[in-house]
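Got the model open in your viewer? Let's walk through it one selection at a time.

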Amino acid sequence: MKKSVSYLSMGVLILGMLFTVLWVQVPATTQANVNNPAFLDTALEEVLQTAKGPVEVIITFDHDGGIQQEQVDLLKGLGIKKGITFESLPVAGLLATKQQVEKLLEEESVVSIYFNKRLQYENEGSTSYTGVDKVRTDEELRTQNGGLPISGKDIGVVVNDSGVDGTHHDIKLGRNLVQNVFASSNLNALTGILPITYVENVPNTDSDSGHGTHVTGTVGGTGAMSGGKYEGVAPGAKLIGYGSGAVVAMLDTIGGFDYALTHQQEYNIRIITNSWGETSDAGTDFDPFDPINIATKKLYDRGIITVFSAGNSGSEEATISGNYKKAPWVITVAAGNKDGELADFSSRGVKDNGGSVEVDGTTYMWEDSPTITAPGVDIISTRVISPLSALSAQKDVEYIDPAHLPYYTTFSGTSMAAPHVAGIIALLLEVNPTLDTFEIKEILQTSATNMEGYEKWEVGSGYVNAYEAVKLAKIY
């Protein structure tokens with residue numbers, strides 16, 4: 001079996017599509033050598049130098065689908081006793097010693113081994129500036145849509161975040177929130193190498209931070225508690241909350257990708273939005289062996305579009321928080337204000353940095369920049385009902401009607417920008433369900449509003465324009 005970044009085969013069709021994507025050709029090149037041994041994450045290598053016992057690692061195997069019994073037997077044969085396996089991804093999270101990692105690196109079936117690094121949600125706290133309101137009210141679009149506003153109807157969107165308060169009437173479990181899942185990967189609490197456990201239909205999985213609840217309301221809140229005033233971008237979408245709690249690690253986020261793959265048909269999942277990142281991974285080149293990249297590539301192969309926040313480490317260059325946000329098949333979102341300017345905190349890429357990467361015989365180009373910019377400053381959206389957070393109390397009083405204060409709050413960050421774009425993608429898929437990631441990317445980039453005074457490595461192709469994007473999607 002070839003030792004490579006073994007993703008699902010893309011075929012000639014995708015290669016033919018690549019010329020349409022608005023990328024800059026740059027000279028740097030990264031090749032995944034099929035003859036290399038398994039790839040060892042440099043962060044894990046450093047941890048193992050001083051580790052006195054087992055550490056949390058993420059191992060990726062070279063096959064399609066979830067972890068099989070033969071891989072479990074291999075791990076147990078090496079004396080590994082605790083771990084989580086996934087249903088649709090060839091990935092496992094394990095507690096392993098340095099000696100066990102060294103043995104695993106010798107196995108032909110192993111692609112890569114990474115440290116289960118801690119990540120951060122990207123907070124700093126609209127539909128009018130982005131043209132979403134115009135999409136709703138445009139009579140020609142409504143007529144073409146059977147007299148109904150375009151709302152992302154029945155498009156499944158996974159919010160891979162801290163959780164969702166499904167008791168909130170804007171994002172009510174059993175209505176537009178069609179599923180609410182809690183799954184936290186505490187490897188130390190396990191008693192063996194076990195399949196991941198998803199706790200489904202949980203009324204409220206966001207009892208710590210309110211981050212995921214706010215993000216979910218931006219994607220598709222109905223505005224029920226404000227008479228529609230604080231409606232989300234795609235109120236007709238099917239929302240699926242995947243919560244890992246206030247503290248999140250790589251393995252937790254991979255669980256969200258695995259859930260999306262496993263339940264894709266059940267909920268018509270087409271989009272997964274991710275408002276988290278890793279500041280220690282800022283300024284790095286795209287890494288094809290990273291398990292997050294392997295996961296998002298498999299989602300792309302299955303027609304699921306991955307959206308990332310760019311990060312909140314601006315305003316210097318080389319601050320995008322994660323190499324996986326530069327993957328050719330994902331959409332990464334910078335944060336702007338409602339005047340069309342880039343937020344100071346929004347992470348930037350590196351001018352003219354990028355290159356090519358070969359995956360399963362197909363060459364892709366990656367760029368060190370956001371894809372697009374969307375609103376991320378003083379965004380009003382759903383707050384957790386209990387416990388009531390006072391995190392943004394001062395701005396809440398300034399921006400929100402008193403009658404609505406118990407139900408809405410104000411956050412800023414690229415965390416708030418990413419769900420805007422996820423919701424807009426749901427609108428595009430409602431009018432043209434056949435669109436894939438690269439086509440969606442091209443539509444968003446082509447229709448974006450130019451941001452004068454900024455370069456692509458800072459803002460991508462400009463400020464997202466939902467109205468022009470929807471019109472373009474209809475005729476694409």
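Start by selecting helices α14 and α16: they pass each other in a right-handed crossing. This is a predicted model, so treat each stop as a prediction. Helix α14 covers residues 437-447, and its axis lies 9 Å from that of α16, at an angle of about 130°. That angle makes α14 oblique to α16. Now show the side chains where the two meet: I443, L444, T446 and S447 on α14, with E468, A469, L472 and A473 on α16. Colour this contact by class and you'll get 5 nonpolar, 2 polar and 1 charged residues.

**Next stop: α13 against α16**

Keep α16 (residues 466-475) on screen and add α13, residues 414-431. How far apart are the axes of α13 and α16? They are 9 Å apart, and the helices pack at an angle of about 25°. That is why α13 and α16 count as roughly parallel to each other. The crossing of α13 past α16 is right-handed. Pick out I424, L427, L428 and V431 on α13, then find A466, A469, V470, A473 and K474 across from them on α16. How many charged residues are in this contact? There is 1 charged residue, along with 8 nonpolar and no polar ones.

**Same α13, new partner: α8**

Hide α16 and bring in α8, residues 211-220. The axes of α8 and α13 come within 8 Å, crossing at roughly 35°. Once again the term to use is right-handed, for the way α8 passes α13. On the α8 side, select H211, H214, V215, T218 and V219; on the α13 side, select S415, M416, P419, H420, A422 and G423. By class, you'll find 5 nonpolar residues here, 6 polar and no charged.

**Now the 7-stranded sheet**

Switch to a cartoon view and select the strands in this order: β9-β11-β8-β13-β15-β16-β19. Together these 7 strands make an open sheet with parallel pairing. Which strands stand at the edges? They are β9 (177-182) and β19 (372-375); each has a single partner strand, so one side of each is left without a neighbour in the sheet. Look along the sheet and you can follow its turn: neighbouring strands are rotated by 25° against each other on average, ignoring direction.

Zoom in on β15 (residues 305-309) and β16 (residues 330-336), which run parallel and are joined by 4 bridges. Click V307 and look for its bridge partner in β16, which is I331.

Then see what packs on this sheet. Helix α11, residues 291-301, lies across β13 (269-274), β15 and β16, and runs at about 140° to β15. Your old friend α13 packs on the sheet too, touching β8 (156-161), β13, β15, β16 and β19. The direction of α13 makes about 125° with that of β16.

**Two backbone spots to click**

Go to the loop between β15 and β16, where S315 is found. The peptide bond that runs from G314 to S315 is cis, with omega near 15°.

Next, find D154 in the loop between α7 (139-144) and β8. What is phi of D154 near? Phi is near 65°, a positive value in a residue other than glycine.

**The 6-stranded sheet**

Clear your selection and pick β2-β6-β3-β5-β4-β10, the order of the 6 strands in another open sheet. The pairing in this sheet is mixed. At the edges are β2 (39-40) and β10 (193-195), each pairing on one side only. Strand β2 runs parallel to β6 (residues 110-115), and 2 bridges join them. To check this pair, click L40 and find I113 opposite in β6.

**Last stop: colour by confidence**

Finally, colour the chain by pLDDT. The mean for the protein chain is 89, and 90% of its residues reach 70 or more. Residues 1-35 are below 50, though this stretch has 97 contacts in the model beyond near neighbours in sequence. Where pLDDT is low, the predicted coordinates should not be read in detail.

Definitions and conventions
Residues are numbered from 1 along each chain as its sequence is written. This is a predicted model: local features need pLDDT of at least 70, side-chain atom pairs count only at pLDDT 80 or more; totals for chains, interfaces and linings use all residues. Side-chain values use heavy atoms; hydrogens and water are left out. Two strands pair if DSSP finds at least two bridges between them. pLDDT is the predictor's confidence in each residue, from 0 to 100. Contact means heavy atoms within 4.5 Å. Axes are lines fitted to C-alpha atoms, for helices over the stretch in contact, and angles run from 0 to 180 degrees between N-to-C directions. Angles under 35 degrees count as roughly parallel, over 145 as roughly antiparallel, 65 to 115 as roughly perpendicular and the rest as oblique. A crossing is left-handed if the near helix is turned anticlockwise from the far one by less than a right angle, and right-handed if clockwise. Ala, Val, Leu, Ile, Met, Phe, Trp, Tyr, Cys and Pro count as nonpolar, Asp, Glu, Lys and Arg as charged, and the others, Gly among them, as polar.
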